Amino acid sequence: MLKARAYAKINWILDVGPRRADGYHDLSTLFQTVSLYDQLWFETSDTLSLSIEGSTLPVDSSNLVLQAARALQTVLRQQRRPDLGASIRLEKHIPLAAGLGGGSADAAVTLLALNRLWDAKLDLKTLIALGAQIGSDVPFFFYGGTAWGSGRGTEITPVKDISVPYMLLVNPKVSVSTAQAYSRFDELTNCLGDAILPTCSFLGSKQLFEQVRNSLSKAAHELRPEIAVVEHQLKSLGADVVSMSGSGATVWAVFDSAEKRQEALQLFSDSTIAIPVSTVGRDEYLQSVLITA
Ligand code: C5P
């Protein structure tokens, strides 16, 4: 049996460029894994099955865990290897459609876990290419830590880890459709997008915090005004830096002490989901993502 952790991500920076002919956008984003994760268990079985706890996420063809498992089965079938099954259990903790990459993280760890469970021996490059077909955020989860994503978001360049101990994720319990946020962004920018600045490495968190931005904030605020309310609350509660993750609706904030973060956490009511997290560096990520149980 294999046990896996699918960590959530935030985006320190998200620059979205023009709409491409294929409907996607070129972008430049600085991803970061944080200490909130879904848990998954994988066991060999004659058939492929998935059970989910802690969420109303449907178990159908839209499910990214099943998409990942079937993608791997297809490759193995093409190699004329026998069909293998797995019994998969997913315990969901990352809010859905929240800009935290939960579904993408689940898909990436499913590819890693089944590659091992089925002794498929696909190399990392092949697994990443399969992941990219499932979603633009999936390839990042083969690296973790701090990393730039470019192109559609699938070209990953790992950089020195940014380490931040006191963060808060706040989700106003509204979901944002990523496709809808991009489409509103197109209307706002006439499909021209924002400037995509060159990727760079930061000397530390202080230097990075001056560069924090998200091209999709304006579009998401229009779709879900609750996001701007949460951002405003976090700023007035003393957060040093506040921004939206991905296409929202989750907002992340950095505090300079555990006490300040705790005070802020207590002031968020049940109308939001507020989760204290810290960053997870690449070494810790890669060591804890997959464990033989
Ligand atoms: O790749 P993924 O399935 O996560 O993308 C969901 C939607 O987000 C796409 O259908 C597209 O509308 C939008 N998107 C985009 N440009 C990107 C990534 C996503 O327009 N680079």
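In this predicted model, asparagine 214 is found in strand S8, which covers residues 213-214. With a relative accessible area of 10%, asparagine 214 falls under the 20% cut-off and is therefore buried. A polar atom of the asparagine 214 side chain lies 2.7 Å from the backbone nitrogen of leucine 216. Beyond the neighbours within four places in sequence, asparagine 214 is in contact with Leu14, Ser243, Met244, Ser245 and Gly246.

One of these partners, leucine 14, takes the story to strand S1, which runs over residues 2-19. Leucine 14 has a relative accessible area of 4%, so it too counts as buried. Setting aside residues up to four places away in sequence, leucine 14 touches Leu27, Ser28, Thr29, Arg213, Asn214, Ser215, Leu216 and Gly246. Leucine 27 is separated from leucine 14 by 13 residues in sequence, and the two C-alpha atoms are 7.2 Å apart in space. Gly246 appears in the contact list of asparagine 214 and again in that of leucine 14.

Leucine 27 also leads to the ligand, since its name is among the residues that surround it. The full set is Gly23, Tyr24, His25, Leu27, Gly135, Ser136, Arg152, Thr178, Ala179 and Tyr182. Which atoms of the ligand pair with histidine 25, and at what distance? An oxygen atom of the ligand lies 2.6 Å from a polar side-chain atom of histidine 25. For serine 136, an N or O atom in the side chain is 2.5 Å from an oxygen atom of the ligand. Arginine 152 takes part through its backbone: a polar backbone atom of this residue is 2.9 Å from a nitrogen atom of the ligand. On its own, the ligand has 460 Å² of accessible area, and the protein covers 74% of it.

Attention now turns to a helix. Helix H1 has 15 residues, numbered 64-78; at 1.5 Å a residue it should span 21 Å, and because its end C-alpha atoms are 21 Å apart, the model agrees with that expectation. At the N-terminal end, asparagine 63 caps H1, with a side-chain oxygen 2.9 Å from the backbone nitrogen of valine 65. Just after H1, arginine 80 adopts a positive phi of about 60°.

Which residues of H1 are buried? They are Val65, Leu66, Ala68, Ala69, Ala71, Leu72, Gln73, Val75 and Leu76. A helical turn helps in reading such a list: an α-helix has 3.6 residues a turn, so residues three or four places apart point the same way. The buried residues of H1 pack against three strands and two helices, namely S2 (25-45), S3 (48-53) and S4 (85-91), together with H2 (102-117) and H3 (124-134). Histidine 25, described above beside the ligand, is where strand S2 begins.

Further along the chain, serine 257 sits in the loop between strand S10 (251-254) and helix H8 (258-267). Is this loop residue buried or exposed? At 17% relative accessibility, serine 257 counts as buried, because the cut-off is 20%. Isoleucine 273 follows 16 residues apart along the chain, and its C-alpha atom is separated from that of serine 257 by 20 Å.

Finally, the cysteines can be considered. The structure holds 0 disulfides. Cysteine 191, with a relative accessible area of 34%, is partly exposed. Cysteine 200, at 37% relative accessibility, likewise counts as partly exposed. Both values lie between 20% and 50%, which is why this label applies.

How values were computed. Residues numbered from 1 in each chain as written. Predicted model: local features only at pLDDT ≥ 70, side-chain atom pairs only at ≥ 80, totals over all residues. Heavy atoms only, no water. Helix = DSSP H or I, 4+ residues; strand = E, 2+ residues; numbered from the N terminus. Expected span 1.5 Å × (residues − 1). Buried < 20%, exposed > 50% of the residue type's maximum accessible area, 1.4 Å probe, protein only. Contact = heavy atoms within 4.5 Å. Polar contact = N/O pair within 3.5 Å; in protein donor to acceptor, adjacent residues only side chain to side chain. Near = heavy atom within 4 Å. Areas by Shrake-Rupley, 256 points an atom, 1.4 Å probe, with all protein chains shown as cover. Disulfide = S-S within 2.5 Å.
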